Amino acid sequence: MNSLVHKTLVVQLQAGDADRFPVLAHLGYDAADPFALTVVFSHDGRVLARWSLDREMVGDGLTRPVGVGDVRLRPESRGPWDELRIELLGDARPDGGRHHAVVFVWAAAVEAFLRETHAVVRPGEEEVCVDDFLAEIMAEG
């Protein structure tokens, strides 16, 4: 069975007070890091940002507000569409604030992606080799 899942979606990005505009979100899942999802946002062939998100938190964000700190998610309805609203807080700006962006993703597409990841590693069956993780940390130090 393949331990990798990839999906590319068109999402809506809103930065600051600007209107939404479409960008690509490249979603990835690797059973080697079973708790994490990766998202790479791109536009016109340029990478705008890379984020790692907690897989369970993304699923929870489809039904209720979750997250504190740099990543916050919540369901949002916009006309006939249910969306996942992802608020991302980035590095500090020179004026003392932080970079801030909101991404709106069609909820059904996120649900479909999560189902694919659950087929690879079921929720509750994630395993992490602690010895390998500690060896990696010790090698960096």
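**View 1. A polar contact of 2.7 Å links the side chains of His100 and Glu87.** The model shown here and in the views that follow is predicted. His100 belongs to strand 7, which spans residues 98–106. Glu87 has Val102 of strand 7 as its bridge partner.

**View 2. The surroundings of His100 include residues distant in sequence.** Leaving aside residues up to four places away in sequence, His100 is in contact with Ala15, Gly16, Glu87, Leu88 and Leu89. The C-alpha atoms of His100 and Gln14 lie 9.0 Å apart, although 86 residues separate the two in sequence. The relative accessible area of His100 is 32%, so this residue is classed as partly exposed, a class that lies between the limits of 20% and 50%.

**View 3. Strand 6 and strand 7 run antiparallel and are joined by eight bridges.** Strand 6 covers residues 81–92. One of the bridge pairs is formed by Glu87 and Val102.

**View 4. Seven strands form an open sheet in the order 4-3-2-1-7-6-5.** The pairing in this sheet is antiparallel. Strand 4 (46–54) and strand 5 (71–78) are the edge strands, each paired on one side only. On average, neighbouring strands of the sheet are turned by 30 degrees against each other, with direction ignored.

**View 5. Helix 2, residues 107–120, lies across five strands: strand 1 (4–15), strand 2 (21–30), strand 3 (36–43), strand 6 and strand 7.** The helix runs at about 155 degrees to strand 1. Among the strands crossed by helix 2 is strand 7, the strand in which His100 is placed.

How values were computed: Residues numbered from 1 in each chain as written. Predicted model: local features only at pLDDT ≥ 70, side-chain atom pairs only at ≥ 80, totals over all residues. Heavy atoms only, no water. Helix = DSSP H or I, 4+ residues; strand = E, 2+ residues; numbered from the N terminus. Buried < 20%, exposed > 50% of the residue type's maximum accessible area, 1.4 Å probe, protein only. Contact = heavy atoms within 4.5 Å. Polar contact = N/O pair within 3.5 Å; in protein donor to acceptor, adjacent residues only side chain to side chain. Pairing = 2+ DSSP bridges. Axes fitted to C-alpha atoms, helices over the stretch in contact; angles between N-to-C directions.
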